[in-house]
Amino acid sequence: MNAIDRSLSSPAMTGAAIRTDWTRAEIRALFELPFPELIFRAQSIHREAFDPARVQLSTLLSIKTGGCPEDCAYCPQSAHHDTDLKATKLIDRDTVIAAATDARDHGATRFCMGAAWRSPKDRDIAELGAIIADVKALGLETCMTLGMLTGSQARTLKDSGLDYYNHNLDTSPEFYSSIISTRTYQERLDTLEHVRDVGMSVCCGGIVGMGETVDDRVGMIHALATLPRHPESVPINLLVQVKGTPLDGAARVHPIDFVRTIAVSRIVMPRSMVRLSAGREDMTDEMQALCFIAGANSIFSGDRLLTTPNPGDDRDSALLARLGMATDGHAGAR
Ligand code: SAM
Ligand code: DTB
Ligand code: SF4
């Protein structure tokens, strides 16, 4: 019996072990399973820790848009790319409170705020702390994604009440330099370590559809699953192609290959929330249903991600109702 079979042989009795020693060969072998076998294993593991009929909703807000000095090839907010985006300063607290209240009233349990920075300036941290306190006071979990953090910035944000920090590895270590040249993989790992060290929960995932190979998807999931602790949230984004970015026009991923990435993430990180993240505008209902069956149990709700469109409440509530699925906060409310 090989290691994968051993770890999966009697999941219902023992629960899938939490392993941070996955090898690339094991992860590759999961990708190569016959699709029905892969989905069965993913769904079986999913059921050990989660209700298969529930999804958690997080809502995003861009609190500082565009003009970013980083050159991420996928991103409409990079100053290196000629997109139609207007750069803004950090938005005011009242606007954040209004958006967070609306998100909560529509069933979101977590509010995720994103800033197009390489890293926050120390002088921004106090204002961010005030924003965090306001959002928490609404009864929401708080999440921010602000770029790289120092240890002391992570500590101050944590002390202000920040529950989650999102910082993605994005792709495999080998493919990374084809996508981003202004920030290293190691710098990303360092930020994740600072976030962990202060006891914040980690949201860390990546993007599929940037022209990467299956081995790059293996490498990305391997990097995530061999972090000292699995991220509590693993966002798997399907590239949103934006005019003016270098990745506009990249070869589209076959939906089944995307679903495989979700399923493998679920199997190797059995207690993490796997978020079906960006790209749902381009997915059919059937593809999203397959992602849920493969173990995705969180989505971004609302009609906008950071700068690009998202399906919105009407389409999502119709889809979840058709699937007989409920949401975490206000079950069935959306
Ligand atoms: N500036 C911060 C940073 O990158 O660390 C935070 C914001 S950034 C927009 C957060 C994540 O969004 C990126 O790491 C990437 O994974 C994802 N993302 C950005 N543009 C995307 C796109 N066009 N399609 C899919 N995911 C995207
Ligand atoms: C993540 O992994 N996906 C979200 C969130 N973390 C910050 C962002 C998706 C951004 C999609 C492109 C846009 O709307 O600008
Ligand atoms: Fe800047 Fe983040 Fe976009 Fe990269 S992904 S260009 S760091 S906003």
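Aromatic rings of Phe, Tyr and Trp are counted as a pair if their centres lie within 6.5 Å. Planes over 60 degrees apart make such a pair edge-to-face. In this predicted model, a search of the whole structure finds one aromatic pair. The partners are tyrosine 176 and tyrosine 185, with ring centres 5.2 Å apart. Their planes meet at 80°, so the pair is edge-to-face. Tyrosine 176 and tyrosine 185 are both buried.

The ligands were examined next. Ligand 1 is surrounded by 16 residues. The closest are Tyr74, Thr145, Asn168, Asp170 and Val240. By class, this shell divides into nine nonpolar, five polar and two charged residues. Polar contacts to ligand 1 involve both backbone and side-chain atoms of the protein. A polar backbone atom of tyrosine 74 lies 3.0 Å from a nitrogen atom of ligand 1. A polar backbone atom of alanine 115 lies 3.2 Å from a nitrogen atom of the ligand. The side chain of arginine 183 places an N or O atom 3.1 Å from an oxygen atom of ligand 1. Taken alone, ligand 1 exposes 550 Å², and the protein buries 90% of that area. The space that ligand 1 takes is the largest cavity.

Ligand 2 also sits in the largest cavity. Its shell holds six nonpolar and six polar residues, and no charged ones. The nonpolar residues around ligand 2 include Leu60, Pro76, Pro235 and Phe300. Leu305 and Leu306 also belong to the shell, as do Thr307 and Thr308. Thr145, Asn166, Asn168 and Asn237 are further members. Two asparagine side chains make polar contacts with ligand 2. A polar side-chain atom of asparagine 166 is 3.2 Å from a nitrogen atom of the ligand. For asparagine 168, a polar side-chain atom is 2.8 Å from an oxygen atom of ligand 2. Leucine 306 contributes through its backbone, with an N or O atom 3.0 Å from an oxygen atom of ligand 2. On its own, ligand 2 has 410 Å² of accessible area, of which the protein covers 87%. Thr145 and Asn168 appear in the shell of ligand 2 and are also among the residues closest to ligand 1.

Ligand 3 sits in the largest cavity as well. Three cysteines, Cys68, Cys72 and Cys75, are among the residues that surround ligand 3. Tyr74, Ser78 and Ala116 are also present, together with Glu70 and Arg183. This shell has five nonpolar residues, one polar residue and two charged residues. Tyr74 and Arg183 recur here: both line the surroundings of ligand 3, and both make polar contacts with ligand 1, tyrosine 74 through its backbone and arginine 183 through its side chain.

Terms used:
Residues are numbered from 1 along each chain as its sequence is written. Chains are lettered from A and ligands numbered from 1 in the order in which they are written. This is a predicted model: local features need pLDDT of at least 70, side-chain atom pairs count only at pLDDT 80 or more; totals for chains, interfaces and linings use all residues. Side-chain values use heavy atoms; hydrogens and water are left out. A residue is near a molecule or strand if one of its heavy atoms lies within 4 Å of it. A polar contact is a pair of N or O atoms within 3.5 Å; within protein, one must be able to donate a hydrogen and the other to accept it, and residues adjacent in sequence count only if both atoms are side-chain atoms. Accessible areas come from the Shrake-Rupley method with a 1.4 Å probe; for residues, only the protein chains shown count as cover. On a 1 Å grid over the protein atoms alone, a cavity is a set of points where a 1.4 Å probe fits but cannot get out, and a pocket is an open set with protein on both sides within 12 Å along at least five of seven lines; lining residues have an atom within 4 Å of a point. A molecule sits in a cavity or pocket if more than half of its atoms lie within 2 Å of its grid points. Rings of Phe, Tyr and Trp (its six-membered ring) pair if their centres lie within 6.5 Å; planes under 30 degrees apart count as stacked, over 60 as edge-to-face and the rest as tilted. Buried means under 20% relative accessible area, exposed over 50%, partly exposed in between (1.4 Å probe, protein chains only).
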